[in-house]
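Biologist: Please take a close look at one hairpin in this model, and then follow its surroundings outward until the wider fold comes into view. I would like every term to come with its cut-offs.

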Amino acid sequence: MPSMPRTGRLVSVMALMACALIVSGSCRVERPPGAAPPGERGLESIVRELEQQMPGATVGVLVADATTGEELVSANADRLFVPASTQKLFTTAAALEELGGSYRFLTRAILAPNERGGSDLVLIGGGDPSIDGTAGACPEALFSQVALALARAGMHRIDGDVVGDDSRLGRDYHHPSWQLADLDQPYGAPVSALTFDDNSVAIRVQSISGQPPMVATPAPYDVTSTLQSSDHTQILYERSNPTGPLTLAGWIGTDRVEVRVVPIARPALHWAGELKRYLESAGIGVGGLARERLGDHPPSHGTTILEWPSPPLRDLILQVNQRSLNLWADLLYKTLGEEVVGDGTFAGGADAVALMVARAGIGASDVVLVDGSGLSRVNLVTPTALVKLLLHMRASPHATDFASSLPVAGRDGTLRMRFAGTPLEGRLLAKTGTLQWVSAIAGYIRISRELAFAVTVNGRLVSSAACSAAIDKALVRIAAAIEAKGERDKGKSMYAPSRSGESDL
């Protein structure tokens with residue numbers, strides 16, 4: 001359906017969020033009347049020490065009882081911070097609530113009549129991120145099924161073109177606030193409805209004595225090189241714009257090989273070419289060209305020869321949060337826009353996620369969300385908003401899928417090497433976030449009372465590793481202090497490891 005003007009949509013979404021604040025009370029973060037301030041619980045000093053280890057930075061902390069919403073420790077909890085990849089919590093939560101854990105993306109191949117009286121083979125992307133050979137099937141598996149479907153239909157030649165169609169999710173492949181340097185990295189790959197192999201290819205650069213440096217890719221790729229042989233290596237990978245050719249400049253040492261994974265610029269055209277080459281290698285002739293389709297919607301007429309479903313959404317979200325996959329998160333974000341508000345762009349995704357944010361009782365002034373991955377430095381979130389989201393999802397019908405997608409401390413995902421050997425190993429599950437000058441973590445701690453927490457550091461000058469270590473130490477101490485109070489109140493602790501050495505998550 002047509003989307004309303006951006007200004008109108010923003011006003012309507014903000015109004016809905018304001019209304020939700022009036023009616024929502026199920027996940028308030030609140031301090032009971034007369035409750036002792038955090039300093040009297042011995043927690044304020046822990047936060048203060050964390051701040052002292054981050055000179056010049058701003059530190060935001062909020063820890064709440066996950067059952068009651070009672071605030072246990074707070075510092076700058078209502079200040080806006082760049083969230084980095086903790087932003088993915090909002091995206092994956094909205095995807096579960098709006099689409100459901102059983103939702104599947106669909107990639108289709110159709111034969112569509114062309115103006116020359118023949119038929120084009122059109123590969124229509126549905127936004128499936130999983131055709132990458134690591135978490136799902138590889139592109140060749142899909143291509144082979146297309147070839148088999150054509151053979152079963154008695155077709156050994158396509159008289160028209162092989163066409164890539166990624167119109168379902170718009171063609172704003174990159175959010176305008178992303179930094180240009182990020183677009184040359186795999187984590188800044190174009191967000192296209194037609195996505196295979198994370199829309200990236202490996203470039204191989206080799207220098208052989210007496211010869212100019214050679215640049216090779218596994219498939220045709222728009223790349224130019226001014227590299228020179230030298231006694232040292234310094235290769236610059238640059239684009240003047242996101243869809244322009246990649247230029248390699250600098251030097252490479254003699255008899256040296258360098259391999260780098262880089263994003264492709266025009267996914268629909270690239271994958272149409274890959275499918276065409278695969279079909280020809282499989283003995284199916286193609287009379288026309290490989291090209292991308294530039295219409296705003298997939299073809300309205302044609303014969304479907306193959307439908308390829310993705311794994312269920314809950315499995316994809318597990319990958320997003322465990323591996324912190326930017327492209328996958330942004331595909332979810334734009335898909336939410338298409339499915340919820342009829343606009344498969346970043347702007348549509350923002351409107352769709354805002355609806356879930358409103359239902360969670362999060363104030364409009366607590367979030368600015370422009371992408372699904374957290375790659376944008378324009379995203380702004382308060383620790384209060386993160387904790388309210390966590391409390392909202394804990395009470396959601398999708399609570400199990402959401403919590404199960406989060407890395408577990410000392411065990412897996414981005415937390416595999418963190419908290420190992422501490423009392424929080426196996427008992428903390430959370431999403432991490434890292435950008436230049438930014439470190440963040442938000443999730444749950446399961447001790448005698450379950451906690452929801454968020455810690456965000458903006459403007460850090462210390463290294464990412466040093467910042468993470470300081471945050472981890474602070475969280476261990478905070479959990480220990482809260483647990484100690486629980487022991488006094490209940491006379492029993494669940495904080496010690498079980499006899500089997502396994503957590504009770």
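**The hairpin and its surroundings**

Modeller: In the hairpin of β7 and β8, six residues lie between the strands, and G210 adopts a positive phi near 85 degrees. The model is a predicted one, in which local features need pLDDT of at least 70 and side-chain atom pairs count only at pLDDT 80 or more, whereas totals for chains, interfaces and linings use all residues. Residues are numbered from 1 along each chain as its sequence is written, and side-chain values use heavy atoms, with hydrogens and water left out. Helices (H or I, at least four residues) and strands (E, at least two) are DSSP runs, numbered from the N terminus, and two strands pair if DSSP finds at least two bridges between them.

On one pairing of the hairpin strand β7, three bridges join it to β8 (residues 214–216), the two running antiparallel, and V205 has V215 in β8 as its bridge partner. β7 also pairs in the antiparallel sense with strand β13 (residues 256–263), over eight bridges, and here R204 has V259 as its partner.

The loop that lies between β6 and β7 leads to the aromatic residues. Rings of Phe, Tyr and Trp (its six-membered ring) pair if their centres lie within 6.5 Å, and planes under 30 degrees apart count as stacked, over 60 as edge-to-face and the rest as tilted. Six aromatic pairs are found when the whole structure is searched. For F196 and W271, the ring centres are 5.2 Å apart and the planes stand at 65 degrees, so this pair is edge-to-face. Because F196 belongs to the loop between β6 and β7 (200–207) and W271 to helix α5, the pair ties together parts that are 75 residues apart in sequence. Both F196 and W271 are buried, where buried means under 20% relative accessible area, exposed over 50%, and partly exposed in between (1.4 Å probe, protein chains only). F196 and W271 belong to one aromatic cluster together with F143 and Y278.

From this loop and from α5 one arrives at the sheet. It is an open sheet of five strands with mixed pairing, in the order β15-β6-β4-β3-β16. Its edge strands, each paired on one side only, are β15 (290–292) and β16 (303–309), and from one strand to the next the twist averages 20 degrees. Axes are lines fitted to C-alpha atoms, for helices over the stretch in contact, and angles run from 0 to 180 degrees between N-to-C directions. Strand β6 (residues 162–165) pairs with β15 in the parallel sense over three bridges, and G164 stands opposite E292 in β15.

Two helices pack on this sheet, contact meaning heavy atoms within 4.5 Å. Helix α4 (residues 139–152) touches β3 (106–113), β4 (119–124) and β16, and its direction makes about 150 degrees with that of β16. Helix α5 (residues 267–281), for its part, touches β4, β6 and β15, with its direction at about 155 degrees to that of β15. Followed in this way, the hairpin strand β7 is preceded by a loop that holds F196, paired with W271 of α5, and α5 in turn packs on the sheet that includes β6.
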